[in-house]
Amino acid sequence: MLDLTQCISFSEHSFNGSLDPSITSRLSRLPPSSFSLLKASSSQSKRLASKRIAVCFSGGPAPGGHNVVLAIAKLCGSTHSLFGIMGGLGGLVKGHLKPLSIKDCLAYHNLGGFDLLKTDRTKLHQASQYKAIKDVVAHYQLDAIIIIGGDDSHTNAVFLAQELSDHACAIIGVPKTIDGDLRCPPYLPISFGFYSVCDLFISLINNLICDTRSSQKYWHFVKLMGRSSSHITHYVAQHTPVDLFFLGEKIAHNNTPLSAIIKQIADTILESSHNQKPYGVICIPEGLLEWVPEIRNLIQTLNTLRDASNRSPDLSHLSQSDHDLFLQFPEYIQHQLLLDCDSHGNIQLSRIETERLLIHMVTSYLSSSDPSLTLDAMPHFYGYEGRCTHPNAFDSEFCTKLGYIATSLALNGYTGHMAALDSITSPYQAYGVPIAHLLRFETRFNHEVPVVKKTIVTDF
Ligand code: FBP
């Protein structure tokens with residue numbers, strides 16, 4: 001059995017799956033091993049030369065991140081030097097590094113959040129950013145940087161790996177995100193953080209259901225975080241007796257318009273009332289609106305109308321039908337649809353109050369069919385409080401192991417890989433997944449760019 005607490009060695013294998021030649025050409029300065037799947041082969045007994053490693057969080061917090069850092073610190077021990085990068089990749093650009101000891105990390109063991117090192121969402125794409133990072137790498141004589149992040153952070157990681165390949169500084173990623181959209185089965189069934197957040201949301205939803213059953217009132221509309229993919233809503237709905245839930249991917253697959261969603265909710269509420277149950281819980285994914293066909297088109301058009309500095313689009317360029325649709329929304333939704341994208345070009349779904357919009361539309365629908373009908377509804381958004389919950393037993397163990405694997409990859413000098421583990425229970429297998437193979441072209445800020453592909457829900 002692999003002893004992950006010791007530095008392990010890896011063997012190189014070809015990765016299953018084709019790579020777009022234009023992606024390969026954009027990563028031509030990466031060493032050939034960066035395109036290979038690395039499979040852990042044994043614990044290494046040979047003593048490795050002392051190395052200098054830095055670690056940062058990147059993107060939104062996810063439960064278990066502190067355990068990853070503690071494991072890195074433990075495997076570095078007194079042989080290697082570890083630095084914490086403060087404030088994500090933005091902190092790396094600014095050179096905000098500090099020595100990190102096991103003792104520093106122990107205080108955060110099994111605690112949620114990313115407060116040990118903080119985090120940010122800096123997108124690396126400018127020559128000046130790469131130049132600044134190269135100076136930091138030279139100043140601290142870094143041999144490797146471990147980036148704990150999601151899909152966009154892994155896009156950053158693989159391009160940074162290429163930039164630093166001449167500087168003998170390796171870049172390794174650790175798959176983090178509550179969204180559950182960064183996976184690479186069979187090597188990595190899930191990112192860390194997903195199950196802890198789901199556990200918390202399941203518990204909160206069950207409490208809400210219990211309240212409705214006790215007080216016999218209210219329809220609760222709960223939006224669950226998870227960005228574009230509906231993994232969290234799917235998992236939570238499978239494990240709670242909610243009255244109704246929607247999956248964005250299914251809506252897109254069936255080409256379901258918003259009017260049909262409103263009708264389905266209204267029908268559920270009416271039927272439940274007829275059955276003497278004037279209350280219930282309805283779950284929707286954070287990214288619902290992005291999947292509704294007509295709104296998806298509108299969002300895409302709005303994005304193409306943004307100027308180069310990502311500012312609000314000029315609405316006079318909207319088609320008549322898009323304009324009419326836009327004006328149908330209450331002002332707060334109009335405003336939220338026009339918010340700037342994040343630095344990676346993602347629209348800020350967490351800030352669109354879809355739960356409030358649905359209540360508004362269902363209320364209008366019900367009263368237009370029968371003016372005596374009223375809807376006692378409450379909007380909820382479970383998100384930020386969830387992603388900073390403590391890791392559950394799975395994530396606690398998973399993160400510790402991922403931290404060890406990432407450190408072994410870094411100490412071995414591999415670059416452009418994501419630490420991966422197929423299971424936390426023995427017999428498990430550890431891997432380094434070549435990030436280049438996860439890239440696909442997507443439109444961001446009106447340009448086709450290679451980004452790590454998000455895994456969406458397909459089993460509905
Ligand atoms: P990442 O793990 O991809 O960084 O995102 C996690 C997340 O919580 C998403 O579920 C959510 O849409 C987004 O971050 C919110 O972003 P922000 O922290 O910028 O408000």
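These are my notebook entries on a sheet, the cysteines and one helix residue in a predicted model.

**Sheet.** I looked up the strand order first and found four strands forming an open sheet, β9-β10-β8-β11, with parallel pairing. The edges are held by β9 (244-245) and β11 (377-382), and because each has a single partner strand, one side of each is left without a neighbour in the sheet. I then followed β9 to its partner: two bridges join β9 to β10 (residues 280-285), and the two strands run parallel. Within this pair, L244 has I282 of β10 as its bridge partner. I also noted helix α10 (residues 258-274), which lies across β8 (219-224), β9 and β10 and runs at about 145 degrees to β8.

**Cysteines.** I searched for disulfides, taking sulfur atoms within 2.5 Å as the cut-off, and the count came to zero. For C7, the nearest cysteine sulfur belongs to C76 and is 9.8 Å away, so C7 is in no disulfide by that cut-off. C7 counts as buried, because its relative accessibility is 11%. C210 is likewise in no disulfide, with the sulfur of C283, its nearest, 16 Å away. At 46% relative accessibility, C210 counts as partly exposed.

**I299.** I turned next to helix α12 (residues 293-304), where I299 is found. I299 has 6% relative accessibility and therefore counts as buried. Setting aside neighbours within four places in sequence, I listed the contacts of I299 as L289, E290, L337 and I347. I also checked I299 against F326, which is 27 residues apart from I299 in sequence, and the C-alpha to C-alpha distance between the two is 9.8 Å.

Definitions and conventions
Residues numbered from 1 in each chain as written. Predicted model: local features only at pLDDT ≥ 70, side-chain atom pairs only at ≥ 80, totals over all residues. Heavy atoms only, no water. Buried < 20%, exposed > 50% of the residue type's maximum accessible area, 1.4 Å probe, protein only. Contact = heavy atoms within 4.5 Å. Pairing = 2+ DSSP bridges. Axes fitted to C-alpha atoms, helices over the stretch in contact; angles between N-to-C directions.
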